[in-house]
Amino acid sequence: MLSLMSRNPEEPVYNRIEEVRAALGLSRQDLADKAGVHYQTIGYLEREEYSPSLVLAIRIAKSLNQEVSELFSLTPFKKGK
Amino acid sequence: MSKKNKIYWFEGVTEKGVKSLLTDENSKYGWLRPQRNRRILVAMMVVGLIAVAMGSYWPTLKTNMNLSGGAEIVIYSVTAIFVIFAVLVGYLFLRISVRGIGDAPNELLDERQIKVRDTSFRYAYYAMGYVVLGLLLLMLFGPELKMFQPEGNDGSYLVIATLFAFSSMPSMVLAWRERDI
């Protein structure tokens, strides 16, 4: 039963949401309101525990004044970039 | 937010009710949010459902306790009402603990919440398959094993417990699995 409850492994989508959000002085709730999602979804995204749909990725990038490619990647971002 | 409180009859929720749970307006239910507390609630719910299912054996218990007359009826009735009430309260808390995500319509949830809810329904569907299989086996072999009697102990509480389980299983799965709700 426990194995039945385990999560399916998904290909992680790395992102710089937390870094950019903090730089802009936004709270998770602020960004959530702008992107039209629940604030905990922002938390899941920042911890890279949830891969957003393309629509949500674009909405978040727009909310943070970034390009999607600057914010999301299939490979880890270099620190300080 | 529109002033009109839309009622979602199929899901059995209201727009304001779901939004209130999703936005932490009811901070008094914050103690239900931690996963540990939610898992304790799920465990208590399972115990409650088993107690309801065992209701079919309460008449036997009553006989074994050598209760007679009025006391017999009072103890039996009070126990039955208490157990069913406790399960109903548990069901209510369970729905609150998962912010109503288990029962909310798509338009009130974001894409992650919809995904989480749909996954919990899939697991709940599997789990209910096992529960119904167990019920069918009991119905099939119960009479052979003299588990039921025509008077009182007729297995009807098993069906009631299964119906309770059916409505609460998605929220139980959701409450058990999710780290943050």
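A residue counts as buried here if 20 or more other C-beta atoms lie within 10 Å of its own. Keep that in mind, as this is a predicted model and burial comes up right away: of the 181 residues of chain B, 29% count as buried.

**Chain B from end to end**

Let's walk along chain B. It has six helices and two strands, and reading along the sequence gives you the pattern β-β-α-α-α-α-α-α. How much of the contact in chain B links residues 24 or more positions apart? Taking the contacts with a separation of 6 or more, such residues make up 77%.

**Where the two chains meet**

Now bring in the partner. Chain B puts ten residues into the contact, and chain A puts in eleven. On the side of chain B that touches chain A, helix 5 (111–141) and helix 6 (156–177) of chain B each supply at least two residues. The largest share there, five residues, comes from helix 5 of chain B. Sorted by class, that side of chain B looks like this:

| Class on the side of chain B that touches chain A | Count |
|---|---|
| Nonpolar | four residues |
| Polar | one residue |
| Charged | five residues |

**How far to trust chain A**

The mean pLDDT of chain A is 87, with 85% of its residues at 70 or more. Where in chain A is confidence lowest, and where is it highest? The low end is helix 1 (residues 2–5) of chain A, with a mean of 47, while helix 5 (residues 54–63) of chain A is at the top with 96. Where pLDDT is low, don't read the predicted coordinates in detail.

Technical notes: Residues are numbered from 1 along each chain as its sequence is written. Chains are lettered from A and ligands numbered from 1 in the order in which they are written. This is a predicted model: local features need pLDDT of at least 70, side-chain atom pairs count only at pLDDT 80 or more; totals for chains, interfaces and linings use all residues. Two residues are in contact if their C-beta atoms, placed from the backbone, lie within 7 Å. Helices (H or I, at least four residues) and strands (E, at least two) are DSSP runs, numbered from the N terminus. Ala, Val, Leu, Ile, Met, Phe, Trp, Tyr, Cys and Pro count as nonpolar, Asp, Glu, Lys and Arg as charged, and the others, Gly among them, as polar. pLDDT is the predictor's confidence in each residue, from 0 to 100. A residue is buried if 20 or more other C-beta atoms lie within 10 Å of its own, exposed if 12 or fewer, and partly exposed in between; C-beta atoms are placed from the backbone.
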